[in-house]
Amino acid sequence: MKPVRVAVVGLGAVAQSVHLPVVQRNRADVDLVALAEVSPSRRAVIGSRYGVPDSGWFATAHDLATAMEQGRISVDAAVIATPGNHAEEALALIRAGARVLAEKPLAHSFLEVDELAAGLTQLGRDPHEWLRVGYMKEHDPAVAAARDLLATTVPREVSVEVLHPADATQLRFAQLEPPVVDVKRKLTDRAEHRLQHSISAAVGSVDTTWRKLYSSVVLGSIIHDIALARHLDLALVDVSHAMHLATPFPGSVIAAGFTAERVPFNIAWHFIKDYPEYREKFTIHHERGSVELEFTTPYILNSPTILRSRSSGEDLHGTQRPSARFPSAECATVWPQEEAFERQFRSLVAMTRDRFSAGSSIDAARNDLVSAQTLWRGCAVGAGIALDPACEVANRRQWGATPDGEEDSTA
């Protein structure tokens with residue numbers, strides 16, 4: 001079987017620490033044939049390091065897509081890891097013939113999601129067969145085990161806690177390439193204009209702090225927990241109370257809301273610059289106990305996820321019945337040898353061979369954007385921010401954000 005020809009678009013922190021090492025570890029099945037990066041110096045360094053000839057070096061995803069369409073290079077699968085939104089890049093690469101894994105967020109606005117969906121429809125390409133969103137937790141075996149456990153329970157509460165240190169602390173181990181200074185201004189200006197246009201469509205003409213709260217905090221970090229909740233059939237659909245505490249920015253996000261089944265949903269997200277290490281806990285309390293997932297920093301490959309389950313009487317697996325002397329069952333399981341990013345990448349490779357497994361595509365990204373905008377809107381309304389009546393968060397019922405047509409409590 002011929003190796004799958006792979007491209008990596010965007011050579012920043014997540015590509016250097018995760019995606020490129022994962023591609024390298026799978027070189028028996030794939031060939032890294034193309035890199036796209038706006039910095040010529042970084043492009044050359046990474047290209048030489050990974051053995052990609054300069055005929056496979058491109059500045060942008062659109063340059064790569066053009067080369068594919070002209071027959072100058074063949075790419076079967078592309079990983080998009082550029083900053084910001086990815087819908088436009090994904091469509092260009094899919095149009096050129098590549099299956100795509102796009103890092104989160106896929107888009108900042110429903111406007112972008114609609115344009116991508118319309119483009120794929122015009123091409124006659126099923127999103128599930130051509131596009132995945134980079135929610136690596138969906139591929140974590142601990143998450144799969146938690147999903148199985150929860151299938152036999154009645155949830156009582158969802159609780160999310162994230163303690164987020166500075167990125168430099170999380171990435172110190174990775175020995176990243178230094179910041180670049182050789183990027184053409186027109187490329188960065190175009191990307192920034194596109195990003196700000198999308199943010200404005202979503203949240204309107206609020207000030208810089210609130211725009212960054214949406215793009216960098218909610219869609220840059222909390223979106224992972226939003227997506228995980230949806231994957232576990234516990235999507236956040238309503239926010240009854242939310243606040244943003246920004247001293248200094250990005251500060252904290254505290255929120256309380258509900259799933260579609262009116263299960264309480266609580267979020268506590270804190271940026272603590274000097275916190276010793278990244279910490280993320282996702283807990284579901286149910287009528288017989290609790291299921292808890294504990295994640296470490298996402299940038300360290302094969303760092304173990306811990307799954308803890310606690311129940312009374314017969315355990316959730318039905319394989320152990322504690323005695324009267326020991327009336328509860330508790331266990332903690334880790335999969336340190338399993339890497340969610342790698343399983344996600346292998347799923348992308350399988351797509352090029354017409355083998356499709358479950359995973360998030362356009363519909364999932366749209367649902368997550370509903371939850372993200374609901375959360376941001378709760379923070380803004382709680383702070384007395386006047387919403388632009390033309391923006392998406394002020395018209396969110398058209399996106400199906402409120403359960404059963406109910407009026408939202410943050411209105």
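**A loop aspartate, two sets of strands and a buried arginine**

In this predicted model, Asp76 sits in the loop that links helix H3 (61-69) to strand S4. Its neighbours come from several parts of the chain: leaving aside residues up to four places away in sequence, Asp76 touches Pro3, Val4, Arg5, Gly97, Ala98, Arg99 and Thr352. One link to the N-terminal stretch is polar, with a polar side-chain atom of Asp76 lying 2.8 Å from the backbone nitrogen of Arg5. Ala7 is also worth a look here, since 69 residues of sequence separate Ala7 from Asp76, yet their C-alpha atoms are 8.1 Å apart.

Just after this loop comes S4 (residues 77-80), which runs parallel to strand S5 (residues 99-103) and is joined to S5 by four bridges. In this pairing, Ile80 stands opposite Ala102 of S5. How much of S5 is buried? Five of its five residues are, so the strand is largely enclosed by the rest of the structure. Side chains in a regular strand alternate between the two faces of the sheet. In S5, Arg99, Leu101 and Glu103 point one way while Val100 and Ala102 point the other, and all of them are buried. The buried set thus takes in Arg99 and Glu103 as well as Val100, Leu101 and Ala102. Arg99 is also one of the residues that Asp76 touches.

Moving along the chain, helix H7 (residues 141-150) begins with a polar contact: a side-chain oxygen of Asp140 comes to within 2.8 Å of the backbone nitrogen of Ala142. Ala142 is itself buried, as are Pro141, Val143, Ala146, Leu149 and Leu150 of H7. What do these buried residues pack against? Their partners are helix H10 (208-231), strands S11, S12 and S13, and helix H11 (340-352).

The three strands in that list are themselves linked in order. S11 (residues 279-286) and S12 pair in the antiparallel sense over seven bridges, and they make a hairpin with two residues between them. Within this hairpin, Glu280 has Phe295 of S12 as its bridge partner. On to the next strand, S12 runs antiparallel to S13 (residues 306-312), with six bridges joining the two. Here Leu293 stands opposite Leu307 of S13. S12 (residues 289-295), which pairs with S11 and with S13, is mostly covered, with six of its seven residues buried.

Another set of strands is built around S10 (residues 264-271), which pairs in parallel with S7 (residues 155-164) over seven bridges. In that pair, Val162 stands opposite Trp269 of S10. S10 also pairs with S9 (residues 252-259), again over seven bridges but in the antiparallel sense. The bridge partner of Gly257 in S10 is Phe265. Four residues lie between the strands of the S9 and S10 hairpin, where Arg262 takes a positive phi near 65°.

Further towards the C terminus, Arg377 lies in helix H12 (residues 362-382). Is this arginine buried or exposed? Its relative accessibility is 11%, and since the cut-off for buried is under 20%, Arg377 counts as buried. The Arg377 side chain also reaches the backbone oxygen of Val393, at 2.9 Å.

Stepping back to the whole chain, there are twelve helices and 14 strands. The radius of gyration is 22 Å, close to the 22 Å that the globule rule gives for 411 residues, so the chain is as compact as a globular protein of that length. Along the principal axes, the C-alpha atoms fill a box of roughly 70 × 50 × 45 Å. Of the 411 residues, 52% count as buried. The accessible surface comes to about 18100 Å², and 51% of that belongs to carbon and sulfur atoms. Among contacts with a separation of 6 or more, 70% are between residues 24 or more positions apart.

As for confidence, the chain has a mean pLDDT of 91, and 92% of its residues reach 70 or more. Over residues 319-327, though, pLDDT is below 50, and this stretch has eleven contacts in the model beyond near neighbours in sequence. Residues 400-411 also stay under 50, with 28 contacts beyond four places in sequence. Where pLDDT is low, the predicted coordinates should not be read in detail.

Methods
Residues numbered from 1 in each chain as written. Predicted model: local features only at pLDDT ≥ 70, side-chain atom pairs only at ≥ 80, totals over all residues. Heavy atoms only, no water. Buried < 20%, exposed > 50% of the residue type's maximum accessible area, 1.4 Å probe, protein only. Polar contact = N/O pair within 3.5 Å; in protein donor to acceptor, adjacent residues only side chain to side chain. Pairing = 2+ DSSP bridges. pLDDT = per-residue confidence, 0-100. Contact = heavy atoms within 4.5 Å. Rg over C-alpha atoms; globule rule 2.2 N^0.38 Å. Areas by Shrake-Rupley, 256 points an atom, 1.4 Å probe, with all protein chains shown as cover.
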